[in-house]
Amino acid sequence: MMEWIQANAVLVGAVAVLLVLALVFLLRRGKALPEKREYRDVLSEGAAPAARNSALINAPPAAAIEPPPVLAEAPPVAADEGDDLTRIKGLGPKISTALRALGVTRYAEIAAWTEADVARIDAQLGAFAGRATRDNWIEQARLLSSGDTAAYEAKFGKL
């Protein structure tokens, strides 16, 4: 028998492969296929597709939102034209330019602001509104306008 198997090894291998395939086919045949579900909606009942919302599509565009006004660049400040407002903590070059465009150029002017002045300036500073109160510009300006550098540095840090 062993001699016959060795002489016909290709035939025996082919029969073994066929037996394995037949076994796999029989085992898979026993499993039921998943049931196909039919999805029903209004379109399968014969309804037409919904109409496009032409009211929104054909509507004129909304009113354009106007960008906030751009403050003109203030000319460079000469020594006699005002103080360096950027020495006030929380008041950078952009806010300094905005304040100069509004006519504020000296520490004494900021030191003399009232609550009404702060509200008026805040309304014109756009995204920087509230900085004067939050960063205490008025007190800083009082110390800077009086020249009391020691008191300024003690309270607000090094210049």
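Mentor: Buried means under 20% relative accessible area, exposed over 50%, and partly exposed in between (1.4 Å probe, protein chains only). This is a predicted model, where local features need pLDDT (the predictor's confidence in each residue, from 0 to 100) of at least 70 and side-chain atom pairs 80 or more, while totals for chains, interfaces and linings use all residues. Numbering starts from 1 along each chain as its sequence is written, and side-chain values use heavy atoms, without hydrogens and water.

Trainee: What percentage of the 159 residues in the protein is buried?

Mentor: Happy to start there. The protein has nine helices and zero strands (DSSP runs: H or I of at least four residues, E of at least two). It exposes about 12500 Å², with 61% supplied by carbon and sulfur atoms. Of its 159 residues, the buried share is 18%.

Trainee: In which helix is confidence highest?

Mentor: Across the protein the mean pLDDT is 82, and 84% of residues reach 70 or more. Confidence is lowest in α3 (residues 54-57), with a mean of 70. At a mean of 93, the highest belongs to residues 107-111, helix α5.

Trainee: Which elements are included in what covers the buried residues of α8?

Mentor: Look first at the residues themselves: W137, I138, Q140, A141, L143 and L144 are the buried ones in α8. In general, an α-helix has 3.6 residues a turn, so residues three or four places apart point the same way. The cover, judged by contact (heavy atoms within 4.5 Å), includes α4 (93-101), α5, α6 (115-124), α7 and α9 (149-156).

Trainee: Which residue takes a positive phi just after α8?

Mentor: There is a positive phi on N136 too, near 60 degrees, in a residue other than glycine. N136 lies in the loop between α7 (131-134) and α8 (137-146), and is partly exposed at 28% relative accessibility. Just after α8, the residue with a positive phi of about 85 degrees is G147.

Trainee: Which element gives the largest share of the nonpolar patch?

Mentor: M1, M2, W4, I5, L11, V12, V15 and L19 form this surface patch, with about 830 Å² of accessible area together. Its nonpolar side chains (Val, Leu, Ile, Met, Phe, Trp, Tyr) are joined within 5 Å, each residue having over 30% relative accessible area and no salt bridge (Lys or Arg side-chain nitrogen within 4 Å of an Asp or Glu carboxyl oxygen). Two or more residues come from each of α1 (2-7) and α2 (9-29). The largest share, four residues, is from α2.

Trainee: Is M1 buried or exposed?

Mentor: M1 sits in the segment before α1. Its relative accessible area is 75%, so M1 is exposed.

How values were computed. Areas by Shrake-Rupley, 256 points an atom, 1.4 Å probe, with all protein chains shown as cover. Patch = residues over 30% accessible without salt bridge, like charges linked within 9 Å, V, L, I, M, F, W, Y side chains within 5 Å.
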